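Please open the structure in your viewer and keep the sequence panel visible. The tour below proposes one selection at a time and describes what is found there.

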Amino acid sequence: MTQAQVFETDFWKDANLRKVWDEIVPGEPRKTLPYVLTKEAIQLYCRSVGEDHPLYFDEAYAKASPYKGLIAPPSIHILLMFSCTPADDWMRTPGTVNAGQSWSYNIPARPGDTITLQARALDKFIKRERLFVVHDNVFFNQHGDVICSGRGQTIRPM
């Protein structure tokens with residue numbers, strides 16, 4: 001098995017480069033990174049969340065399925081969010097709280113797909129002395145097909 005890509009886990013490392021509340025501009029695209037999704041990354045993710053369906057592990061089973069090959073589970077967007085977001089992005093600010101999200105899934109991601117993310121803040125507001133940002137995220141494969149899209153709210157640290 002090849003080594004899975006290592007992700008930065010020190011969320012304070014680039015804190016001084018991240019946009020603060022006043023600098024987040026609704027509608028402005030966020031900087032994102034392309035990510036090549038590997039079979040190893042899919043399977044490592046699946047093991048970490050306790051997912052053991054053969055569509056994600058067994059090539060013979062997956063080839064005989066309607067998908068005609070290995071796929072990633074729909075929740076792979078969690079891994080993709082971190083993989084496609086640079087360490088200095090405002091979404092990675094320590095103290096950020098997920099205040100809710102909704103996702104739509106179109107097609108499965110597959111090993112070997114080059115994933116790109118289009119992301120932006122849609123709105124920001126203050127409610128009960130908390131700083132909220134509404135944002136959307138759309139993941140594409142190398143063919144321009146939408147894998148999944150989501151909208152969420154985060155509470156930003158003061």
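Against which elements do the buried residues of helix 1 pack? The model on the screen is a predicted one. Select residues 39–49, which make up helix 1. Its buried residues are E40, A41, I42, Q43, Y45 and C46. These buried residues pack against strand 1, residues 35–36, and against helix 3. Move next to G50, which follows helix 1 and has a positive phi near 80°.

**The nonpolar core**

Now display the largest nonpolar core, which has 25 residues. Within this core, L37, I76, L80, I115 and F139 touch the most other members. Helix 1, helix 3, strand 3 and strand 5 (residues 146–156) each give two or more residues to the core. Helix 1 supplies the largest share, namely four residues.

Centre the view on L37 and show its surroundings. Leaving out residues up to four places away in sequence, L37 touches several residues, including I42, A72, I76, L79 and L80. Also among the residues touched by L37 are A109, R110, P111, G112, D113 and I115.

Another core lies apart from this one and consists of seven residues, among them I24, W90, M91 and A121. While W90 is in view, add R30 to the selection. R30 lies over the face of W90, at 5.3 Å from the ring centre. A further case of a charge over a ring can be found by selecting K124 and W21. The charged end of K124 sits over the ring of W21, 4.9 Å from the centre of that ring.

**Helix 3 and H77**

Select helix 3, residues 77–83, and find H77 within it. Is H77 buried or exposed? The relative accessible area of H77 is 7%, and values under 20% count as buried, so H77 is buried. Show the side chains of H77 and Y105: they make a polar contact with each other at 3.3 Å. Apart from neighbours within four places in sequence, H77 is in contact with Q101, W103, Y105, F139 and C148.

**Aromatic pairs**

Two of the residues in contact with H77, W103 and F139, lead to the next stop. A pair of aromatic rings is described by the distance between the centres and the angle between the planes. The count of aromatic pairs in this model comes to two. In the pair formed by W103 and F139, the rings are stacked, with 6.1 Å from centre to centre and 25° between the planes. W103 belongs to strand 2 (residues 97–105) and F139 to strand 4 (residues 130–140), so this pair ties together parts that are 36 residues apart in sequence. W103 and F139 are both buried.

The other pair is formed by F125 and F132, which are also stacked: the centres are 5.0 Å apart and the planes differ by 5°. F125 is partly exposed, with 28% relative accessibility, whereas F132 is buried, with a relative accessible area of 11%.

**Strand 3 and T116**

Select strand 3, residues 114–127, and locate T116 in it. T116 has a relative accessibility of 33% and counts as partly exposed. Which residues does T116 touch, not counting those up to four places away in sequence? They are P34, V138, F139 and F140. Add I147 to the view: its C-alpha atom is separated by 9.8 Å from that of T116, although their positions lie 31 residues apart along the chain.

**Two loops with a positive phi**

Most residues other than glycine have a negative phi. Two residues on this tour depart from that pattern. Select K68, which is not a glycine and has a positive phi of about 60°. K68 is located in the loop between helix 2 (residues 59–64) and helix 3. With a relative accessible area of 62%, K68 is exposed.

Continue to R128, another residue other than glycine with a positive phi, here near 50°. R128 is placed in the loop between strand 3 and strand 4. Its relative accessible area is 70%, and R128 is therefore exposed.

**The annotated span**

Finally, select residues 27–148. An unreviewed UniProt entry places the feature "domain: FAS1-like dehydratase" at these positions. The span is 20% helix and 32% strand, and its end C-alpha atoms lie 19 Å apart.

Key: Residues numbered from 1 in each chain as written. Heavy atoms only, no water. Buried < 20%, exposed > 50% of the residue type's maximum accessible area, 1.4 Å probe, protein only. Polar contact = N/O pair within 3.5 Å; in protein donor to acceptor, adjacent residues only side chain to side chain. Contact = heavy atoms within 4.5 Å. UniProt positions renumbered as here; feature names shortened; annotations may be inferred. Phe/Tyr/Trp six-rings, centres within 6.5 Å; stacked < 30°, edge-to-face > 60°. Lys NZ or Arg CZ within 6 Å of the ring centre and 35° of its normal. Core = buried A, V, L, I, M, F, W, Y, C linked by side-chain atoms within 4.5 Å.
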